[in-house]
Amino acid sequence: MRKGQLFWGAAVVLLAALPPAALALQQPFYLDLVRRVMIFAIAAASLNLILGYGGMVSFGHAAYLGVGGYAVGVLSHYGIDNGWLQWALAIGASALAAAAIGAISIRTSGIYFIMITLAFTQMLYYLGISLDEYGGDDGMRLATRSRFSGLVDLDSPVAFYYLVLALMLLVLYLSHRIVRSRFGRVIRAAKSNEARTRAVGLSPYAYKLAAFVIAGAMGGLAGALLVNHTAYLTPEFMNWTRSGELMFMVILGGMATTAGPLLGAFALLIVEDLLSGWTEHWQVILGPLLVLAVVFFKRGIAGSLFHDRE
Amino acid sequence: MTANSPMLEIRGLIKSFGALRATDQVDLDVREGETHAIIGPNGAGKTTLLGQLSGTLRPDAGAIRFAGEDITRLAAPARSHRGIARSFQITSVYRDFTVLENVALAVQAHAGHSFRFWRAADEVPELAQPAQRVLEEVGLTARSGVLAARLSHGEQRQLEIAMVLATRPKLLLLDEPAAGAGAEETQRLIRFLGGLKRRHTMVLVEHDMDAVFTLADRVHVVLDQ
């Protein structure tokens, strides 16, 4: 995979070089934009694990962004700003939520799976709205960003940026390892041909559930990052349109590819940003663009870029 | 299991789909080492019977015993672990996996649990080596790196059997292994199954009478209702 190595080399260098370049050009806004892109790349990578590799069309993946966000926001609301604790809770609670949601929804398939995952996320969304203590549907400002024993200062845009970059690379590498492992092979097999997988002696349920929980945990990490990024907690983290956006990033970037989630998050959020700077009716343009992208890049950006199977 | 009790005992098996009774009071014994052919017209319920033996279909009544154990209510994966392996009439392989990975997955399914997250599955010799040996046995070694979707129909039928063998089964359930194969391919397949017959117990559903009469020790005829 020489093309792949080239891509990752270039991507890491460019992403690492962005902060000094943006500051030199006095465009700190780009720091913010790309940081947001990378946080969504983590969320999209977690969805890709179950949607792209596992064939589980979860239409409620924003739930884990929400649970992760609330874990950090609520602790911070009560004056607990220890990041280790906050993020551990964010990841643990999302994994738990994923275990509960997955245990039920993985028993179904097709349209029912889509609807059940959506329904669970709507439930959490309305739960968020009903929590007046934490701002209800207006949400609330994050009292302070997570603190990591003075190790990283999230109030420094550059330090926070590099932390997000490192975590994104870690998550992408982890999913790369997972899908190629024996566990990942079972997940891919269950997607490709469930009847054969059972005939050959494997019960996919437990493996699919484990993948669902791993994806939930990664989504929770993205949620913890996102709430620190916006410094604002709102139920909108869990809006169903957010789940749709994540799905779009995965499909646009290229399902079942390592680079897909990053490319999809970049493409969607950057185009969104460019269009919204140009006209307030940007969604009218974005919609058809996305339709064209799906029609012409059937295998997503990564699929078209690398062509051969990764 | 005593020496003379059959490996597979089917008693009073019934399976209906609505008003259609696809399996009607089937009794059947298959002894160890025996090749038992099931023949009959299309729609007579041959595949339905195999489905109940492999665990994908639940019978409405009756019992299936394998090696002395009642397996009537066991799910397909559990039966696979008891040593029952099934091939499909309509080729059912992982089209987006390579030939080797298809077979290696079947080996993996019988090599302990798969909650192993780190090491690349391709780099596990305990899976790749047995898979390679099976590919050698069915004559697909030269195609091991090719995606299954790119194989010819005949090669896909060979892969189908390779995946069955990779689970080291005691009982093979073969659903029309010669389906869609040309005359020459069928002859090759018969020779190959003849070799397997010496080492395995088989239930063979087949339309090709040449194959049936060359391979079968006993023939069971199912008729349309």
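**Exercise 1.** Between which helices of chain A is the loop in which Gln26(A) is found, and does Gln26(A) count as buried or exposed?

*Solution.* The model is a predicted one, in which local features need pLDDT of at least 70, side-chain atom pairs count only at pLDDT 80 or more, and totals for chains, interfaces and linings use all residues. Residues are numbered from 1 along each chain as its sequence is written, and chains are lettered from A in the order in which they are written. Gln26(A) lies in the loop between helix 1 (2-24) and helix 2 (28-53) of chain A, helices being DSSP runs of H or I with at least four residues, numbered from the N terminus. Gln26(A) has 7 C-beta neighbours inside 10 Å and therefore counts as exposed (12 or fewer other C-beta atoms within 10 Å of its own, against 20 or more for buried, with partly exposed in between and C-beta atoms placed from the backbone).

**Exercise 2.** Determine where Ala256(A) is placed and whether Ala256(A) counts as buried or exposed.

*Solution.* Ala256(A) belongs to the loop between helix 10 (240-253) and helix 11 (260-278) of chain A. Because Ala256(A) has 23 C-beta neighbours inside 10 Å, Ala256(A) counts as buried.

**Exercise 3.** Describe the phi values of Gln26(A) and Ala256(A).

*Solution.* Most residues other than glycine have a negative phi. Phi of Gln26(A), however, is near 55°, a positive value in a residue other than glycine, and phi of Ala256(A) is likewise positive, near 55°.

Terms used:
Helix = DSSP H or I, 4+ residues; strand = E, 2+ residues; numbered from the N terminus.
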